[in-house]
Structures are given as structure tokens and as C-alpha cells.
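Reader: I have a structure here that I would love to go through with you. Please take my questions one at a time.

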Amino acid sequence: MNEKGYIRLSLIASGLGGMLYGMDFGVIAAAEPYMKAMGIYSDSMISHIVGAVLLGGLVSSITAGWLCDFFGRKKTIILSSAMFLAAIPVVSLSLDCYPVLFVGRVLQGMSAGYMAVAMPMYLAEVLPADIRGRGTGVFQFFLGLGLVIAAGAGCLIATWYGASDTADAAGRVAAWGANFWWTMLPVAVLFVLSFFLVESPVWVKGTGKREVGCGKREEGSIFSSRYIIPFLLAVLVLTFNKTTGMSSFTSYLVTILHEAGFDGIFANWGQLVVKLTNLLVTIAAAALVDKKGRTWLLKVGTGGMTLGLAAIGSVFLSIERFGVEANNFTGILTLVSFFFMQVFYALGPGICVWLVLSELMPSRIRANGMAIALFMNQLVAWGLASWFRPWVAEWGWSSMFYFFAVNGVLYFITVCFIPETKGKKLEELEHLFDKKKPLTPNP
């Protein structure tokens, strides 16, 4: 296979991998209201089922780095898609059996966790420096596309079987399963295509030992002075990417819009608008990431995203504390605020977070460093998603969104310390933190 064909195949696989990740988190937003309407589980149990995907990601992150180093990136991608395929029938057929349903959701999360480590790492190692940003943007674009398709499928399913608050018991059960069964087709395509990928040359060169340079192996642990700064920055970026609430929005957006004032299927369509916005802005961001740079987009994105989160919190504060009635007007205000927040998220963190993560990590620690960073990412996301409903029941929706906004401020501050990586080859990035000088914010 020539170089162009090799790159094209890698990008197609990247797109399908991103779609798997997006579908993994997107389908539950449309399915969860049916589970709630059935009345068979408590709010706490529903939160744990929603958060089980993130628990699975937490579990997989522990072994993702080792798998990528020992078996290679390609085999880890194959494993990820196979696990997702196995999880679909388990989740679809076990609505009335909590333990089995929980295990199926964990399995879905493990597949997404392996994909989140292996695919961005694979792209960073196989794509030329001048298209690495746009190439990794393909992963994020199709992640957004997976969310949009999941939301669109949710709208069609709600139209066919009825919305969660209008369908009968049989319709709710059928709608639950339908929201998962359709995902088998794109995942099956990825599973087959993965066997045709060429293994990462970085992994092949090091035979899993991460050798670099002229046959000389790098020394030092992940906590050595050379690696600790990029490692900590990567951990903070991935952690704040969750503490600003994106996983919670993805999983509970239909419910949030219901609470803000939208009735019936209007909340499903509102979810579709927000996720379609994410997809469209991702296209623009992919065109900018290799021109404007990663840190510029991250600063603009985290700043605007924080303002959007504060606006959503303010709408809910008016409902919860000042007696404003939740109606279509407050629903529209919430949707517009989500729209604003999503534009800036997609422009900055959405397109840059996986790219920056894979670029910041020197090859010696890339697999294990990314896995540890993802572990923190999934730990925080799992905690938020699993206790989302109990938190809201105790403290209200506004407190949750203001919490997210405060973390947005911390995210922005962290971004100011990230060096620009656009246009640099991996060999250059290896020595980005070699010089022993104080780390100061970028202008």
C-alpha cells in the first residue's frame, strides 16, 4: 500500500473509531428517559447505569497503556471494537435485569476507553506533522457525528414509539432496545476494517519498548524531571475536560431540557440541535487547528464554554430560587446557552484535547502516560455521571452548572501553561520540556 492509501485507510479507521466513542456516550441520552419512565429503578440506580460506561472507561484505562505497548495499537483497536459488538445485545436485552445491564454498560465503557487511548496515539504516530492536527480532527469530527447520529436515531425512535412521557410500557421497552441495536452496523464495519490497518511504525521500531533516536533507548520513569511537566499538564487537561460536565451533558441532555421547560419530543430535537452544532463547528475547528494552533483554540474555547455554562446555571437559578416557571421560554434560553457553550467547546477542547494529549507525551511515556491521564478523566466522569441525579435532587440544577463553570475557569488557567505544538515533528516534541527553566503561562 502506498503512503496516500496508508494515510487514507488510517483516517477512515479513525473516523469509525471516533464514531464508536461518540455513539457509546450518545445513545444513553435518548434511552435514559425511557428507563426513568418505566419506574423500575431509583434515581441512584439509573445514575449508576448511566455512569457504568465511564466506570468501564476507568477500568480499561488501567490496562490500555500496557495493551498498546505489549500487543500494539492495531490489536488494541481491534479489541475495542470487538468488545463494543459484544456489549450491544447484552444492554439491549437486559433492561429489567440490573446486574446484567450494568455489566453490559461497563463493557461498552471499556471499549470506548481502549479506543480513546489507542486511536489518537496511533494517528499521532502514523500521520505526517503537517496534517496531524487535521487528521486527529477526523477522530473528533466523527465522535461528534456519532453523537449526532445517536441523537437523530433517538428522535426517529421517539417519533415511532412515542416520547418517554407518552409511550406505553411496551413502547418504552422497544424504544430502549432500538436505541442500541442500530449501533451494530458501524461498529461491525470498524471491526473488519481494523484488520487491514498497518501497525504504528513507532511501536514496530521499538517492539513495544519505545526505543527512539539512533537505536538508543530512552531512560527514566514517567515521574522523572523530564517527563513530569508534560504528564501533569495532560492529566489536568483531561480531568478538566470532564469536570466541566461534557459527559454529563451527553448522557442527560434530554432530561436537562425537559427540566428546563421543554415537553415531549421537543427535548429530543433540542438535543439533536446541540450535537449537530458540535459536529458543524468541529469541521471549522479542524481547518483552524494547524493554522491558528492548539493553545489559541483551547484558550478561546475554554473561555467561551465557561460563559455558556454560567448562563445555563443562571437560567436554572431563576427557576429554582426566584420562582420563574419552567416553560418553553426558559427551555429556549437553556437551549441557546447550550448552543453557545457547545460552539466554543467544539472549537477548542473538542478538537484539541486528544491531539494535545498525544503530542505532549514523549514516546517513552506516551502509552502509559495517556492511560493514566485517561484514568483520571474517566474517574472524574464516572463520579459525576453516577451521582448526577442525587446531586441535583439535593442541591438543584443551578449548583451543578455553576460547579462546571468554576472548573471551566481552572481549565482556562491550565491551558495558559501548554506550549504550542503545531507543525512540529514528533522528534522535536520529544525534547519540548528538556530545558530546565521555569514554566510560565503563554502570552
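## Helices, rings and contacts

Reader: Which phi does glycine 323 take, just after α12?

Author: Happy to begin there. Helices here are DSSP runs of H or I with at least four residues (strands are runs of E with at least two), numbered from the N terminus. Glycine 323 follows just after α12, and its phi is positive, at about 75°.

Reader: Which atoms do the side-chain values use?

Author: This is a predicted model, in which local features need pLDDT of at least 70 and side-chain atom pairs count only at pLDDT 80 or more, while totals for chains, interfaces and linings use all residues. Residues are numbered from 1 along each chain as its sequence is written, and, with hydrogens and water left out, the side-chain values use heavy atoms.

Reader: How far apart are the end C-alpha atoms of helix α12?

Author: The expected span of a helix is 1.5 Å times one less than its number of residues. Helix α12 covers residues 294-321, which is 28 residues, so 40 Å is expected. The model agrees with that, as the end C-alpha atoms of α12 are separated by 40 Å.

Reader: How many of the residues of α4 are buried?

Author: A residue is called buried under 20% relative accessible area, exposed over 50%, and partly exposed in between, with a 1.4 Å probe and protein chains only. Helix α4 (residues 98-126) should span 42 Å with its 29 residues, and its end C-alpha atoms are indeed 42 Å apart. As for burial, α4 is mostly covered, the count of buried residues being 23 of 29.

Reader: How many aromatic pairs does the count come to?

Author: A pair of aromatic rings is described by the distance of the centres and the angle of the planes. Rings of Phe, Tyr and Trp (its six-membered ring) pair if their centres lie within 6.5 Å; planes under 30 degrees apart are stacked, over 60 edge-to-face, and the rest tilted. Under this rule, the number of aromatic pairs is 15.

Reader: What type of aromatic pair do phenylalanine 70 and phenylalanine 71 form?

Author: Phenylalanine 70 is exposed because its relative accessible area is 52%, whereas phenylalanine 71, at 36%, is partly exposed. Their ring centres are 4.9 Å apart and their planes make an angle of 80°. With planes over 60 degrees apart counting as edge-to-face, the pair is edge-to-face.

Reader: And what type of aromatic pair is made by phenylalanine 340 and phenylalanine 344?

Author: Both phenylalanine 340 and phenylalanine 344 belong to helix α13 (residues 328-360), and they are four residues apart, about one turn. An α-helix has 3.6 residues a turn, so residues three or four places apart point the same way. The centres of the two rings are 4.9 Å apart with 50° between the planes, which makes the pair tilted.

Reader: Over which ring does the charged end of lysine 292 sit?

Author: A charge sits over a ring if NZ of Lys or CZ of Arg is within 6 Å of the ring centre and within 35 degrees of the ring normal. The charged end of lysine 292 is 4.5 Å from the ring centre, and the ring belongs to tryptophan 296.

Reader: How many salt bridges does the structure hold?

Author: A salt bridge needs a side-chain nitrogen of Lys or Arg within 4 Å of a carboxyl oxygen of Asp or Glu. Lysine 36 meets aspartate 43 in this way, with the closest N and O atoms 2.4 Å apart, and aspartate 69 meets arginine 73 at 3.5 Å, N to O. The structure's number of salt bridges is two.

Reader: Is arginine 73 buried or exposed?

Author: In the bridge with lysine 36, both partners are partly exposed, since lysine 36 has a relative accessible area of 35% and aspartate 43 has 28%. Aspartate 69, in the other bridge, is buried at 11%. With a relative accessibility of 0%, arginine 73 is buried.

Reader: How far apart in space are isoleucine 77 and leucine 190, C-alpha to C-alpha?

Author: Isoleucine 77 is in helix α3 (residues 73-92), and it is buried because its relative accessible area is 0%. Leucine 190 is 113 residues from isoleucine 77 in sequence, yet in space their C-alpha separation is 9.0 Å.

Reader: Last one: what separates the C-alpha atoms of tyrosine 34 and threonine 166?

Author: Tyrosine 34 has its place in helix α1 (residues 3-38) and is buried, since its relative accessibility is 2%. Threonine 166 lies 132 residues away along the chain, and the C-alpha separation is 10.0 Å.
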